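Good morning, and thank you for making time for this. I would like to walk you through one structure, so please have a look at it before I go on.

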Amino acid sequence: KNEMEPILFTLNPGAQTEVDMPHEGQEFGYVLKGKISVIYGKNSYICKEGETFYFTTDKEHYLINTGSKVATIIWVTSPPNF
């Protein structure tokens with residue numbers, strides 16, 4: 001069994017991932033292209049091309065493409081959740 005699960009995915013402008021409820025673990029992401037908002041609990045953080053995000057998964061969390069172009073992200077979760 002793997003201890004982490006990386007995925008490569010795209011988000012269209014205005015699209016968002018499903019809201020992930022709090023769970024045990026950690027998540028890391030790298031924005032290859034575009035601009036996203038990382039929603040973590042009641043906070044929102046902008047993450048642009050070439051930037052990373054990291055958080056523990058003890059709060060609701062999801063991503064929104066806040067840019068005008070498709071965003072491409074590498075997202076890694078531990079333990080596997082996707």
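I will speak about the sheet, then the aromatic residues, and then a patch on the surface.

Please keep in mind throughout that this is a predicted model.

Let me begin with the sheet, in which three strands are arranged in the order 4-3-6, open and with antiparallel pairing. Strand 4 (43-48) and strand 6 (61-65) are the edge strands, each of them pairing on one side only, and from one strand to the next the twist averages 25°. Between strand 3, which covers residues 35-40, and strand 6 there are five bridges in the antiparallel sense, and Ile-36 has Asn-65 in strand 6 as its bridge partner.

Turning to the aromatic residues, the structure holds four aromatic pairs. Phe-53 and Phe-55 form a stacked pair, because their ring centres are 6.1 Å apart and their planes stand at 15°. Phe-53 and Trp-75, by contrast, meet edge-to-face, since the centres are 6.2 Å apart and the planes at 75°. As Phe-53 belongs to strand 5 (residues 52-56) and Trp-75 to strand 7 (residues 71-78), this pair ties together parts that lie 22 residues apart in sequence. Both Phe-53 and Trp-75 are buried, and ring pairs link Phe-9, Tyr-40, Phe-53, Phe-55 and Trp-75 into a cluster.

Finally, which residues make the nonpolar surface patch? They are Leu-8, Phe-28, Tyr-30, Leu-32, Tyr-54 and Ile-74, and the patch comes to about 550 Å². Strand 2 (residues 26-33) gives the most to it, with three residues. Leu-32, which lies in strand 2, counts as partly exposed at 33% relative accessibility.

Key:
Residues are numbered from 1 along each chain as its sequence is written. This is a predicted model: local features need pLDDT of at least 70, side-chain atom pairs count only at pLDDT 80 or more; totals for chains, interfaces and linings use all residues. Side-chain values use heavy atoms; hydrogens and water are left out. Patches are made of residues with over 30% relative accessible area and no salt bridge: like charges are joined within 9 Å, nonpolar side chains (Val, Leu, Ile, Met, Phe, Trp, Tyr) within 5 Å. Accessible areas come from the Shrake-Rupley method with a 1.4 Å probe; for residues, only the protein chains shown count as cover. A salt bridge is a side-chain nitrogen of Lys or Arg within 4 Å of a carboxyl oxygen of Asp or Glu. Helices (H or I, at least four residues) and strands (E, at least two) are DSSP runs, numbered from the N terminus. Buried means under 20% relative accessible area, exposed over 50%, partly exposed in between (1.4 Å probe, protein chains only). Two strands pair if DSSP finds at least two bridges between them. Axes are lines fitted to C-alpha atoms, for helices over the stretch in contact, and angles run from 0 to 180 degrees between N-to-C directions. Rings of Phe, Tyr and Trp (its six-membered ring) pair if their centres lie within 6.5 Å; planes under 30 degrees apart count as stacked, over 60 as edge-to-face and the rest as tilted.
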